[in-house]
Amino acid sequence: MASLQASSFLFSSSCSCSCSTRINAAVSVPKLPRFRLPVPRTPLRFVEDLNLKDGLTSTVPLLENTRPDQCEPIESKTTAAAAKLYAILEAVSDRVEMHKNIGEQRDNWNKLLLNSINMITLTAATMAGVASAGTVGAPLLALKLSSTLLFSAATGMLLIMNKIQPSQLAEEQRNATRLFKQLYSHIRTTLALRDPTALDVKDAMEKTLALDKAYPLPLLGKMIEKFPEKFEPAVWWPKTQGSPRKQRKTQGKNGCSGDLEEEMREVIEVIKRKDSEDYMRLGNLALKVNKILAISGPLLTGIAAAGSAFVGHGSWAAIVAVTAGALASTVNTFEHGGQIGMVVEMYRNCAGFFTLMEESIETSIQQRDFEKSEDGEMFEMNVALKLGRSLSQLRDLARKSSSSHVDGSTIDEFASKLF
């Protein structure tokens, strides 16, 4: 037993020695040299050191210990004109959102009213047909009364729908949204390129109010007349007051030479003879078609209501009721499903665009102050872009128009390639 304990003691001591040797061998690594890196002082400590070196006993006071009346006011670099222009910019941005939302709402009006009136009309025609199929007594009276009431309701709804023309209202709001976005971009560009003046503020204000007048939001009292006696182009820009003095045809500082003036006058001539005349003709035609359809729809539903009231007193009454109801549904679908009112407004807007082009070109080439007019090349490029042409195509158009005057022929090309 003693020999076992002695051997066990020797074995454990040898193991501990060997383990100690292994551990020492594992952790014995060469020591790396020590490097001292300079640590930059914090800015606050640096300022305190400067104060001490200069003999100052106090440091800069903290912001929270400073009273508001001790802070010096920061002068704003925004001028009064820029501040006013920013206010107008905010109002224009709000109008963009308003016209967009109301346009979507009125487009929904057109779809919902169209579907509702068609369903009412077809249901009333079906009831009139069923009532005429040998029904007697109380069922006949119920079907007749229901059919007459439904046709009368469809007539009233059609009168209101044809009066306000929801598809045309939606197109008006779409055009207003686009034009207000254009005005918004114009104001942003003015603020980005230069310091605005009082004249810029006045111009932006007049354009905003002109757009408000051209595309009113309310329906009662201010709605645009949907069936005017004469088709006229839309006007959404402020009218220039006074007739500008005619410009000399010599080369000026802005590069607008006599050749450019003659070129622009030929472009105006083509716009008047081709584009404006064509859209006025199409607008008058669409307006006449819309008037006929707007009268025909309620008239047919009214005839159907009268015919359904006499169902049971002869076969002619049921024939009139069912036929007039079917025709009324067809006319209503063609007018509001085809959005004839929207087409009228589209032609009105296009005619207004060409009228604006004529006036803007005339104003630019006859400007009173020569130095304030646009640069000649920039002006020509703007006209070409608005008409969807390149500069070479615009000059070719002017040459063709000039040649047609000499030859006595008619130019067979429109000025705009966009519409």
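Biologist: How far apart are the closest N and O atoms in the salt bridge of glutamate 261 with arginine 265?
Modeller: A salt bridge needs a side-chain nitrogen of Lys or Arg within 4 Å of a carboxyl oxygen of Asp or Glu. Glutamate 261 and arginine 265 pass that test, with their closest N and O atoms at 3.4 Å.

Biologist: Before we go on, what kind of model is this?
Modeller: Residues are numbered from 1 along each chain as its sequence is written, and side-chain values use heavy atoms, with hydrogens and water left out. Local features need pLDDT of at least 70, side-chain atom pairs count only at pLDDT 80 or more, and totals for chains, interfaces and linings use all residues, since this is a predicted model.

Biologist: OK, what is the fold built from, and how many helices are there?
Modeller: Helices (H or I, at least four residues) and strands (E, at least two) are DSSP runs, numbered from the N terminus. Here the elements run α-α-α-α-α-α-α-α-α-α-α from the N terminus on. There are zero strands, and the helices number 11.

Biologist: Back to that salt bridge: is glutamate 261 buried or exposed?
Modeller: Buried is under 20% relative accessible area, exposed is over 50%, and partly exposed is in between (1.4 Å probe, protein chains only). Arginine 265 sits at 23%, so it counts as partly exposed. With a relative accessible area of 2%, glutamate 261 is buried.

Biologist: Arginine 265 also has a salt bridge with glutamate 362; which helices does that pair tie together?
Modeller: The closest N and O atoms of glutamate 362 and arginine 265 are 3.6 Å apart. Because the two residues lie in separate elements, the pair ties together parts that are 97 residues apart in sequence. Those elements are helix H9 for glutamate 362 and, for arginine 265, helix H7.

Biologist: And lysine 400, which residue forms a salt bridge with it?
Modeller: Lysine 400 lies in helix H11, and its partner is in the segment after H11, so the pair ties together parts 13 residues apart in sequence. At 44% relative accessibility, lysine 400 counts as partly exposed. The closest N and O atoms are 3.1 Å apart, and the partner is glutamate 413.

Biologist: Which residues are joined into one network by salt bridges that share partners?
Modeller: The total for this protein is 15 salt bridges. Glutamate 413, from the pair above, is buried at 18%. The network through shared partners is made of Glu261, Arg265 and Glu362.

Biologist: Now the aromatics: what sort of pair do tryptophan 236 and tryptophan 237 make?
Modeller: Rings of Phe, Tyr and Trp (its six-membered ring) pair if their centres lie within 6.5 Å; planes under 30 degrees apart are stacked, over 60 edge-to-face, the rest tilted. There are five such pairs. Here the centres are 5.2 Å apart and the planes at 90 degrees, so the pair is edge-to-face.

Biologist: How many residues apart in sequence are the parts tied together by tyrosine 279 and phenylalanine 354?
Modeller: Tyrosine 279 and phenylalanine 354 form a tilted pair, 5.7 Å centre to centre with 35 degrees between the planes. Tyrosine 279 is in helix H7 and phenylalanine 354 in helix H9, so the parts they tie together are separated in sequence by 75 residues.

Biologist: Which residues touch the most other members of the largest nonpolar core?
Modeller: A nonpolar core is a set of buried Ala, Val, Leu, Ile, Met, Phe, Trp, Tyr and Cys residues joined through side-chain atoms within 4.5 Å. This one has 48 residues, and those touching the most other members are Ile187, Tyr215, Trp236, Met264, Val383 and Leu387.

Biologist: What is valine 383 in contact with, leaving aside neighbours within four places in sequence?
Modeller: Contact means heavy atoms within 4.5 Å. By that rule, and with those neighbours set aside, valine 383 has contacts with Met264, Met357, Ile361 and Leu394.

Biologist: Last one: where is serine 401 found?
Modeller: Serine 401 counts as buried, at 0% relative accessibility. Not counting residues up to four places away in sequence, it touches Glu266, Glu269, Val270, Arg273 and Ile411. Its element is helix H11.
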